[in-house]
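Hi,

Here is the structure I said I would pass on. Have a look at it first, and my notes follow underneath.

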Amino acid sequence: MTKRVQYDNHGTTDELEVVDVESPTVGPGQVSVHVRFAGLNPVDLAILSGSFGSGSGTRGLGMDFSGVVAEVGDGVEDFSPGDLVFGGVPNQSEADYVLVKDPGKHLNKIPKGLGTDVAGGLNVAGSTAVAGIRAIAPQAGETIFVSGASGGVGIIAAQLALGLGARVIGTTSPGNVQLLDGLGIDAVEYGPGLEERLREAAPDGIQAAYSTRGEDEIEMLLGLGVPAARINSIAAGPQVADKFGVHTDGQAKARRDDLPWLAMAIAYGHVVVPIGGVFDLDDVRAAYGFLTGGHPVGKVLLRMEPKPFTAEQRDYLTQ
């Protein structure tokens, strides 16, 4: 048996339950992973609410995970039991074990220097950040705006733009200003008066922007003179592409190698991904409450209990 988060009806996090279910059975070409960390994302709550369509029956939740390969099916050559891995499977990751049916597409090995905690939250935020930065193509010497720059996507996107030689202005809450400044991001508090603060922070203008807010922010950026073709929006909805002529590149536009590339960049210290909070699987409702209301920095994770030591591990410590 294994634990997993699931729900029967669309709604709020009150619908979420942690239940015991049968452990997944590995078939040919498949991989079973013992999960160590599962990353939480705002899109999970949108799926839970029914924003992406309703359905009947019991469903799991979560897109991101990291862990240890427990078992591989016939024909799997790229992964072996004991490998440290990370990736994503749709609406399944918040569980002790996940079954990856297409490991060549959804599973990656964790490089040395990258912890399983950070890796557990990379799938959605990391691929979304890389795809969006590629869309607006920051250039050395340009000034780039990133909203929500201390959040899971924004903090990665902002550092990628820095790595390309741009100056980055990022919005955040007052409590996270020092963190962003320490990363080289010029922090600006969001809220009323933001447009005036941005004009003061960038008197020569803003050349491109990564927007994690709604249509109002896009309209503000256009009013500041940012070209529509150099704005990427991930939260205002797909309609803004036609309405304003902006990009809406996110995870769906990511390349297969984007996550392994980002994982290496983090392992080498080029990108820092803070962990804003870690919760036990049984506290999944509290974890989502913190994600939406606690202004967390970086990623919020669920932590699964590790397996007990094997006989060989115990023997090593007692010899």
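Which residues lie nearest the centre of the largest pocket? They are Pro 42, Val 43, Val 153, Ile 234 and Ala 235, out of 43 residues that line the pocket. Before you read on, bear in mind that this is a predicted model.

The pocket first. The volume of the largest pocket comes out at about 1400 Å³. Its lining is made up of 19 nonpolar, 20 polar and four charged residues. At least two lining residues come from each of helix H1 (42–49), helix H4 (123–136), helix H11 (284–293) and strand E15 (299–303). H1 gives the most, with four residues.

Now the strands. Strands of a sheet pair through backbone hydrogen bonds, either parallel or antiparallel, and you can find both senses here.

For the antiparallel case, look at the open sheet of three strands, ordered E2-E1-E4. Strand E2 (17–21) and strand E4 (59–60) are the edge strands, each pairing on one side only. Between strand E1 (residues 2–7) and E2 there are five bridges, and Thr 2 has Val 21 in E2 as its bridge partner.

For the parallel case, go to strand E10 (residues 167–172) and strand E11 (residues 186–189), which pair over four bridges. Gly 170 sits opposite Ala 187 in E11. To get from E10 to E11 the chain runs through helix H6 (residues 177–183), giving a right-handed β-α-β crossover.

Cheers

Key:
Residues numbered from 1 in each chain as written. Predicted model: local features only at pLDDT ≥ 70, side-chain atom pairs only at ≥ 80, totals over all residues. Heavy atoms only, no water. Pairing = 2+ DSSP bridges. Right-handed = clockwise from strand over helix to strand, strands pointing away. 1 Å grid on protein atoms, 1.4 Å probe; cavity = no way out; pocket = protein on both sides within 12 Å on 5 of 7 lines; lining within 4 Å. Points joined across faces, edges and corners; volume = space filled by probe spheres on them. Nonpolar A, V, L, I, M, F, W, Y, C, P; charged D, E, K, R; others polar.
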